[in-house]
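Please open the model in your viewer and switch to a cartoon view, keeping a way of selecting residues by number at hand. The tour below goes from one selection to the next and says what is to be found at each stop.

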Amino acid sequence: MKQPINGAEQYIMEKGQGAPVILLHGFPLDHRMWQAQADALSEHYRVITPDLRGMGQSDVPAANISMEHYADDILAMMDKMGIQKAALGGFSMGGYIAFALLRKAPERFTALLLANTRPEADGPEGRKNRMNMAVSLYDKGAGAARDAMLPKLLTEQTVQDQPGLVEDLSAVMASMPAEGLVHASLAMAFRADSVDLLGSISVPTLVIAGEQDPVAPPDVMKKMADAIRGASFHAIPAASHLTPMEKPEAFNALLLEFLQSVTA
Ligand code: MLT
């Protein structure tokens with residue numbers, strides 16, 4: 001369904017009933033990356049997977065946007081849906097937004113999943129790459145982000161074994177509004193560093209990495225997990241960056257066990 005949120009039409013996918021679980025997608029993707037999790041979790045939970053502003057079917061921002069703006073959209077969505085508290089999960093860029101949400105409104109979240117994400121802000125080189133990506137997106141369209149990201153999302157083995165998955169992913173990424181991705185690239189370039197936040201996180205936290213992830217490598221994610229009180233850390237074998245889609249069974253087993261331990 002589409003909902004007017006903070007002055008923009010935003011697409012929200014909802015499945016199942018029970019305690020709410022909000023899952024935030026990565027770049028350059030949309031709610032469809034969570035399909036396997038929505039299917040598995042919705043037997044027990046109300047799974048909510050929005051399209052972030054400017055991605056998927058949500059309106060492209062009218063002005064420049066930051067992680068804090070995306071977080072404001074999620075809080076407004078929760079208000080609109082009558083959700084006072086929820087379990088929160090973020091994949092990669094969705095994790096950066098989860099950090100912004102925990103800075104803004106920690107009392108609204110009961111549990112945290114951080115998947116294939118990292119707490120550090122970009123350095124000068126990283127920011128330069130994002131700005132070059134923004135230019136390529138303007139020049140060439142959404143295919144520029146697809147071409148840059150596709151080789152990082154899946155292991156070579158998965159690419160060989162699952163041509164259908166590669167094709168579907170490629171189509172999802174190519175369908176993104178290029179201007180929305182420009183906004184996302186620049187928002188990531190100038191996002192706040194969240195390393196200092198980690199010690200203040202007080203909700204149960206699950207950290208999931210991919211053993212072969214070049215974007216959020218497992219050693220970086222292990223260090224992040226160690227800085228969060230009581231967090232549990234798992235690195236999924238034979239997985240690259242996009243663990244929720246590449247290894248859905250392993251991912252869902254970890255997530256379901258975690259959610260059940262939190263809501264028990
Ligand atoms: C993502 O998967 O959301 C991106 O790889 C995040 C990033 O580029 O930092």
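What follows is a walk through a predicted model, beginning with its sheet and going on to the helices.

**The sheet**

Begin by colouring the strands, which form an open sheet of eight with the order 1-2-4-3-5-6-7-8 and mixed pairing. Select residues 2–5 for strand 1 and 232–236 for strand 8: these two stand at the edges, and each has a single partner strand, so one side of each is left without a neighbour in the sheet. If you look along the sheet from strand to strand, the twist from one to the next averages 25°.

Now select residues 109–115, strand 6, together with residues 205–210, strand 7; the two run parallel and are joined by four bridges. For a single pair to inspect, take Leu112, whose bridge partner in strand 7 is Thr205. With strand 6 still displayed, add residues 248–263, which are helix 11; this helix packs on the sheet, where it touches strands 3, 5, 6, 7 and 8, and its direction makes about 160° with that of strand 6.

**Helix 2 and Asp73**

Next, select residues 67–80, helix 2, which lies across strands 1, 2, 3, 4, 5 and 6 and runs at about 115° to strand 1. Within helix 2, show the side chain of Asp73. Is Asp73 buried or exposed? Its relative accessible area is 4%, under the 20% cut-off, and Asp73 therefore counts as buried.

To see what surrounds Asp73, display Ile5, Asn6, Gln10 and Arg53, which are its contacts once neighbours within four places in sequence are left aside. Two of these deserve a distance label: the side chain of Asn6 is joined to that of Asp73 by a polar contact of 3.0 Å, while the side chain of Arg53 makes a polar contact with the Asp73 side chain at 2.9 Å.

**Helix 2 against helix 3**

Keep helix 2 on screen and add residues 93–104, helix 3; the two pack at an angle of about 75°, with their axes 8 Å apart, which makes helix 2 roughly perpendicular to helix 3. On the helix 2 side, select Met67, Glu68, Tyr70, Ala71, Asp72, Ile74 and Leu75, and on the helix 3 side Met93, Tyr96, Ile97, Ala100, Leu101, Arg103 and Lys104, since this is where the two helices meet. Coloured by residue class, this contact shows 10 nonpolar residues, no polar ones and four charged ones.

**Helix 4 and its two partners**

Move on to residues 124–140, helix 4, and residues 143–153, helix 5, whose axes come within 7 Å and cross at roughly 130°, so that helix 4 is oblique to helix 5. The contact is made by Met133, Ser136, Leu137 and Lys140 of helix 4 with Gly143, Ala144, Ala145 and Ala148 of helix 5, and these residues divide into five nonpolar, two polar and one charged.

Finally, add residues 178–189, helix 8. How do the directions of helix 4 and helix 8 compare, parallel or antiparallel? Their axes come within 9 Å and cross at roughly 170°, and the two helices are therefore roughly antiparallel to each other. Residues to show in this contact include Arg127, Arg130, Met131 and Tyr138 of helix 4, and Glu179, Leu181, Val182 and Met188 of helix 8. The residues of the contact between helix 4 and helix 8 divide into 11 nonpolar, one polar and three charged.

Terms used. Residues numbered from 1 in each chain as written. Predicted model: local features only at pLDDT ≥ 70, side-chain atom pairs only at ≥ 80, totals over all residues. Heavy atoms only, no water. Pairing = 2+ DSSP bridges. Axes fitted to C-alpha atoms, helices over the stretch in contact; angles between N-to-C directions. Contact = heavy atoms within 4.5 Å. Buried < 20%, exposed > 50% of the residue type's maximum accessible area, 1.4 Å probe, protein only. Polar contact = N/O pair within 3.5 Å; in protein donor to acceptor, adjacent residues only side chain to side chain. Parallel < 35°, antiparallel > 145°, perpendicular 65-115°, else oblique. Nonpolar A, V, L, I, M, F, W, Y, C, P; charged D, E, K, R; others polar.
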